[in-house]
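Thanks for coming. I will go through one structure today, and I will keep it to geometry and packing.

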Amino acid sequence: MDLLCSDLHLSAATPALNTAFVALLEGRARQARRVFLLGDLFEAWAGDEDVTDPAVRPVIAALRSLHDAGIEVHVLPGNRDFLMGAGFTEATGARIHGDWLIADIGGRNTLLLHGDTLCTDDLPYQQFRAMVRNPQWQAAFLAKPLAERHAIAEDMRRRSKEATAGKGEYLMDANADAIASMFRHHDVDTLIHGHTHRPAQHRHVVDGAACIRHVLADWRDRACWFEAEDGALRAITTDGAGQPVADPRYPA
């Protein structure tokens, strides 16, 4: 079984979700062969010194324990935690990938993304993304004291929220041409991503071929993930008692 989730946005301000994620790693994930985290595991990541943050340590320890149990952990950094690097890998055992990864998920050759690269209508964000993914910018940022980095990250989050409030819905969703290009370029018919916080399943036709795109839900108020096994992909969430149930936001 493979387990996939995205957009947890864990921080000191989300103790219940932090606990729920640790419970998932110590529970259901122990039955998995691989765990895929498709970005924004954390609300912010100012550098790998953050592995020692008291709010983060239980998550880091649970990821390490999962790895030590022989379960593969794969991470595609998101727009909030793109600075995860060798220190995070050393602490958790997780393998960090770039912008995309192709894997056999439920018997289908599947393209995995965080999803922000699909939002090409949002030109200011794409320009910002290009800046902060530049190795020179990252080197200069990581050279600053940790406290200063946290202050900069907090200011970035504040400005991002202000900018998002003034944007049209279409700007923050995946662009149809970008989606088709991803299917075409990677020669796959299945795509899984997060980022947009719009959980759904979408059917596409690309060059006459039927394709499917699954959008992972965020963990804004509850745990949610996909499980892939025996050729099936199941969307799971938790009920009011914290028990796993089929996620009603996805068709059966």
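D7 is buried, with a relative accessible area of 1%. Keep in mind that this is a predicted model. D7 sits in the loop between β1, residues 2–5, and α1, residues 15–26. Its backbone deserves a look as well: phi of D7 is near 55°, a positive value in a residue that is not glycine. As background, most residues other than glycine have a negative phi.

There is another aspartate to put beside that one. Phi of D187 is also positive, near 55°. D187 belongs to the loop between α7 and β7. Is D187 buried or exposed? D187 counts as exposed, at 68% relative accessibility.

One further loop residue, then I move on. D221 lies in the loop between β9 and β10, and D221 is exposed, with a relative accessible area of 63%. In sequence, D221 and A16 are 205 residues apart, yet their C-alpha atoms are separated by 9.0 Å.

Now the sheets. An open sheet of 7 strands runs in the order β4-β3-β2-β1-β10-β11-β12, and its pairing is mixed. Which strands stand at the edges? They are β4, residues 95–96, and β12; each has a single partner strand, so one side of each has no neighbour in the sheet.

Let me walk through the β10, β11 and β12 end of that sheet. β10, residues 224–229, pairs with β11, residues 232–238, in the antiparallel sense over 6 bridges. Within that pairing, F226 has A235 of β11 as its bridge partner. The hairpin of β10 and β11 has 2 residues between the strands, and D230 there takes a positive phi near 55°.

β11 then pairs with β12, residues 244–246, again antiparallel, over 3 bridges. Two positions to click on: T237 stands opposite V245 in β12, and T238 has P244 of β12 as its bridge partner. This hairpin has 5 residues between the strands, and G242 takes a positive phi near 80°.

Next, the sheet of 5 strands. The order is β5-β6-β7-β9-β8, the sheet is open, and the pairing is mixed. Here β5, residues 100–105, and β8, residues 200–206, are the edge strands with a single partner each, so one side of each is left without a neighbour in the sheet. Ignoring direction, neighbouring strands of this sheet are turned by 25° against each other on average.

At the β5 edge, β5 and β6, residues 108–113, run antiparallel and are joined by 6 bridges. I105 stands opposite R108 in β6. Lying across β5, β6, β7, β8 and β9 is helix α7, residues 176–186, which runs at about 65° to β8.

On to a helix with two distinct sides. The buried residues of α4, residues 123–132, are Y125, Q126, R129 and V132. Why do they line one face of the helix? Seen down the axis of α4, the buried residues fall within an arc of 130°, so they line one face. L123, P124, Q127 and A130 are exposed on the other side of α4. What do the buried residues of α4 pack against? They pack against α5, residues 135–142.

Last topic, empty space. Rolling a probe the size of a water molecule over the atoms shows where empty space is left. How many cavities of 30 Å³ or more does a search of the whole structure find? The search finds 1. About 40 Å³ of space lies in the largest cavity. Its lining consists of L76, P77, G98, D99, H114, D116, R129 and R133. Among these is R129, which also appeared in the list of buried residues of α4.

The largest pocket has a volume of about 1200 Å³. It is lined by 43 residues, and the closest to its centre are N79, R80, S160, K161 and T164. The elements that give two or more residues to this lining are α4, α5 and α6, residues 146–165. Which element contributes the largest share of the lining? That is α6, with 10 residues.

That is where I stop. I can go back to any of these views on the screen.

Note on methods: Residues are numbered from 1 along each chain as its sequence is written. This is a predicted model: local features need pLDDT of at least 70, side-chain atom pairs count only at pLDDT 80 or more; totals for chains, interfaces and linings use all residues. Side-chain values use heavy atoms; hydrogens and water are left out. Buried means under 20% relative accessible area, exposed over 50%, partly exposed in between (1.4 Å probe, protein chains only). Helices (H or I, at least four residues) and strands (E, at least two) are DSSP runs, numbered from the N terminus. The arc is that of the directions from the helix axis to the C-beta atoms. Contact means heavy atoms within 4.5 Å. Two strands pair if DSSP finds at least two bridges between them. Axes are lines fitted to C-alpha atoms, for helices over the stretch in contact, and angles run from 0 to 180 degrees between N-to-C directions. On a 1 Å grid over the protein atoms alone, a cavity is a set of points where a 1.4 Å probe fits but cannot get out, and a pocket is an open set with protein on both sides within 12 Å along at least five of seven lines; lining residues have an atom within 4 Å of a point. Grid points are joined across faces, edges and corners, and a volume is the space filled by probe spheres set on the points.
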